[in-house]
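Work through the exercises below with the sequence and the model at hand. Try each task before reading its solution.

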Amino acid sequence: MKFTENKKFIENNPLEPKGDVLVLAGDVIPVTLIDQYMDFF
């Protein structure tokens, strides 16, 4: 998977919520899978 290193980092360093809004800036999923996640977007 393209984001394996990122996943491992987040698993070892979980983010603590500090606000009411989450901004997803950048690649969130591989573009080839966008049709599977249209409900999310």
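**Exercise 1: Classifying residues by exposure**

Task: decide whether Y37 is buried, partly exposed or exposed.

Solution. Y37 has a relative accessibility of 37%. Buried means under 20% and exposed means over 50%, with partly exposed in between. Y37 therefore counts as partly exposed. The model in which this value was computed is a predicted one. In the chain, Y37 sits in the segment after helix 1, which runs over 4-12.

Task: do the same for E11, I10 and F3.

Solution. Step one takes E11, which is part of helix 1. Its relative accessibility is 53%, so E11 counts as exposed. Step two takes I10, also placed in helix 1. With 38% relative accessibility, I10 counts as partly exposed. Step three takes F3, which lies in the segment before helix 1. F3 has a relative accessible area of 15% and is therefore buried.

**Exercise 2: The chain as a whole**

Task: state how many helices and strands the protein chain has, and what share of its residues is buried.

Solution. Begin with the secondary structure: the protein chain holds 1 helix and 0 strands. Next, take the share of buried residues, which is 5% of the 41 residues. Then turn to the surface. The accessible surface of the chain is about 4,400 Å², and carbon and sulfur atoms account for 56% of that. Finally, the C-alpha trace spans about 30 × 25 × 15 Å along its principal axes.

**Exercise 3: The largest pocket**

Task: describe the largest pocket by its volume and its lining.

Solution. The largest pocket encloses about 300 Å³ of space. It is lined by 10 residues, and those closest to its centre are F3, N6, I10, D27 and V28. Sorted by class, the lining has 8 nonpolar, 1 polar and 1 charged residues.

**Exercise 4: A patch on the surface**

Task: find which residues form the nonpolar patch on the surface, and its accessible area.

Solution. The patch consists of L22, L24, V28, V31, I34, Y37, M38, F40 and F41. Together these residues have about 930 Å² of accessible area. One of them, Y37, is the partly exposed residue of the opening task.

**Exercise 5: Separation in sequence and in space**

Task: give the C-alpha to C-alpha distance from F40 to E11 and from F40 to I10.

Solution. E11 and F40 are 29 residues apart in sequence, and their C-alpha atoms are 22 Å apart. I10 and F40 have a sequence separation of 30 residues and a C-alpha distance of 21 Å. As a further pair, F3 and D39 are 36 residues apart in sequence and 21 Å apart in space, C-alpha to C-alpha.

Key. Residues numbered from 1 in each chain as written. Predicted model: local features only at pLDDT ≥ 70, side-chain atom pairs only at ≥ 80, totals over all residues. Heavy atoms only, no water. 1 Å grid on protein atoms, 1.4 Å probe; cavity = no way out; pocket = protein on both sides within 12 Å on 5 of 7 lines; lining within 4 Å. Points joined across faces, edges and corners; volume = space filled by probe spheres on them. Nonpolar A, V, L, I, M, F, W, Y, C, P; charged D, E, K, R; others polar. Patch = residues over 30% accessible without salt bridge, like charges linked within 9 Å, V, L, I, M, F, W, Y side chains within 5 Å. Areas by Shrake-Rupley, 256 points an atom, 1.4 Å probe, with all protein chains shown as cover. Salt bridge = Lys/Arg side-chain N within 4 Å of Asp/Glu carboxyl O. Helix = DSSP H or I, 4+ residues; strand = E, 2+ residues; numbered from the N terminus. Buried < 20%, exposed > 50% of the residue type's maximum accessible area, 1.4 Å probe, protein only.
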